[in-house]
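The following exercises ask the reader to work through a protein model. Each task is followed by a solution in steps.

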Amino acid sequence: MYEPLFAPLRLGSRTARNRIVHAPMSVCYGDTDGFVTRPQIEHYARRAQGGAGTIITENFAVNVAGRQMPRQTLVAGPEHLPGLTELAAEIKRHGALALVQLVHAGRYAGPWDVYEQARRLAPSPVSFELTPGRVVTPAEITTTEIEESIEAFGRAAELCQQAGFDGVDIHAAQGFLLSEFLSPAMNRRTDDWGGSFDGRVRLTLEVLREVRRRTGPEFVVGVHLMSDELTADGWTIKDGVRFVPSIAEEGADFVFPIPATFESLRLPPNVGLYGRPGYGLADVAAFRQATGMTIIANGGLGDPAAAAAVLERGDADAIGLARPLLTDPDWTAKAAAGTPEEIRTCPCDPPQCLRTQLTGAVCAHWPAEAVAQGYLGY
């Protein structure tokens, strides 16, 4: 019924069995020290077992300064290799490509309850509302810290390659560090890392170059790119369209457009955006006009018919699914069998998975036995 979803997908030097991509979503099953855990391995392996062609993990932090969540996994040194290696092997054992999303949280870095007690790095010390009613001011990142961050992304990608992953997805969206540099609203620097368009995009390009330098041409490298900040004086879709060709020229294999930041989602016109079916498709189509690079569409595409239609129109090359695959790891298998009525859908608003992220996300629509057991990693 949904044939376009099940054609092979070329990602750089690799080929996925279909065009369904597990999109990054923070479930936070790692431990408090940043190591991979067994529930985390089982969680991602289960989505691969359910048929997804490519698994991109939630964002793993490239260093402690870039860590946001208390149970967020770190990819910072050789001590993290054993868990990462097991995770990659289990995903690939079930036939999927295995990728890690790499992030530096920038001004969103945690722990938030002691925000002022450490340097929270941002391109400029622009105050913002971290949580409702709480305004904070991050520190301006130094040129030395910028260079350290670039090196951290490269080191993390190299560790992922050593662990057996097929590639990485560089997070330059949603208000994390790289997208902060893109934004004229957040980046008010006057040095070579800010000011002009070329200055603001420099950090993302330097990170991409370092990742590619450390891993070589066979490793899959993509970019999760803020397509439109959706705020006054911010990064626009015109900026995103202008920037995408540069990403391709620097060796990116795919781009994952996503609008808004956690902050701009609170603005009245944007409230509820991520709950709207196909909310990012206009940006995806705009990117398609700007580049021949592989584009993954994401956001409100849990209906197999809607997802297949995106591919039929040629607006994107693949479909990213986050919450649909959290709710039902067999989404892919059920779509392939032509039984969409059997797919479990996300039933709650606000979603329980988001309300339980700090301790390990659970879904209100998992089978009763899984919920009764408190089973993280279903």
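The exercises below treat the barrel, its strands, the helices, the cores and some backbone features.

The model is predicted: local features need pLDDT of at least 70, side-chain atom pairs count only at pLDDT 80 or more, and totals for chains, interfaces and linings use all residues. Residues are numbered from 1 along each chain as its sequence is written, and side-chain values use heavy atoms, with hydrogens and water left out.

**Exercise 1. The barrel**

Determine the order in which the strands close into a barrel, and describe how helix 1 packs on the sheet.

Step 1. Helices (H or I, at least four residues) and strands (E, at least two) are DSSP runs, numbered from the N terminus. Two strands pair if DSSP finds at least two bridges between them.

Step 2. The barrel is formed by 8 strands in the order 3-4-5-10-11-12-13-14, with parallel pairing. On average, neighbouring strands of this sheet are turned by 25° against each other, direction ignored.

Step 3. Helix 1 (residues 38–49) packs on the sheet and touches strand 3 (20–22) and strand 4 (54–61). The direction of helix 1 makes about 155° with that of strand 4. Contact means heavy atoms within 4.5 Å; axes are lines fitted to C-alpha atoms, for helices over the stretch in contact, and angles run from 0 to 180 degrees between N-to-C directions.

**Exercise 2. Strand 13**

Identify the pairing partners of strand 13, and state which way its residues point.

Step 1. Strand 13 (residues 294–298) is joined to strand 14 (residues 318–321) by 3 bridges, and the two run parallel. Within strand 14, Ile319 stands opposite Ala297.

Step 2. Strand 12 (residues 254–258) also pairs with strand 13 in the parallel sense, over 2 bridges. Val255 has Ile295 of strand 13 as its bridge partner.

Step 3. In a regular strand, side chains alternate between the two faces of the sheet. Here Thr294, Ile296 and Asn298 point one way, and Ile295 and Ala297 the other way.

Step 4. In strand 13, 5 of its 5 residues are buried; buried means under 20% relative accessible area, exposed over 50%, and partly exposed in between (1.4 Å probe, protein chains only).

**Exercise 3. Helix 5 and its kink**

Characterise the span, kink and surroundings of helix 5.

Step 1. Helix 5 (residues 197–215) has 19 residues and reaches 28 Å from its first C-alpha to its last, close to the expected 27 Å. The expected span is 1.5 Å times one less than the number of residues.

Step 2. A kink of about 35° is centred on Leu203; the bend at a residue is the angle between axes fitted to the seven residues ending there and the seven starting there.

Step 3. Because 14 of its 19 residues are buried, helix 5 is largely enclosed by the rest of the structure. Leu203 counts as buried because its relative accessibility is 1%.

Step 4. Not counting residues up to four places away in sequence, Leu203 touches Ile146, Ile150, Leu177, Leu178, Phe181 and Trp193. Leu203 and Phe181 are 22 residues apart along the chain, and their C-alpha atoms are separated by 7.1 Å.

**Exercise 4. Nonpolar cores**

Which residues have the most contacts inside the largest nonpolar core?

Step 1. A nonpolar core is a set of buried Ala, Val, Leu, Ile, Met, Phe, Trp, Tyr and Cys residues joined through side-chain atoms within 4.5 Å.

Step 2. The largest such core has 107 residues, and Leu102, Phe165 and Leu225 have the most contacts inside it. Helix 3 (residues 143–163) gives the most to this core, with 9 residues.

Step 3. Apart from that core lies another of 9 residues, among them Ala105, Ala109, Tyr115 and Val136.

Step 4. Leaving aside neighbours within four places in sequence, the contacts of Phe165 include Leu84, Leu87, Ala88 and Ile91. In helix 2, these four are listed among the buried residues.

**Exercise 5. Backbone features**

Compare Gln174 and Asp233: is each buried or exposed?

Step 1. Phi is near 60° at Gln174 and near 65° at Asp233, in each case a positive value in a residue other than glycine.

Step 2. Gln174 lies in the loop between strand 10 (167–172) and helix 4 (177–182), whereas Asp233 is found in the loop between strand 11 (220–226) and helix 6 (237–249).

Step 3. Gln174 counts as buried, at 13% relative accessibility; Asp233 counts as exposed, at 66%.

Step 4. A further backbone feature is the cis peptide bond from Gly110 to Pro111, with omega near 0°.
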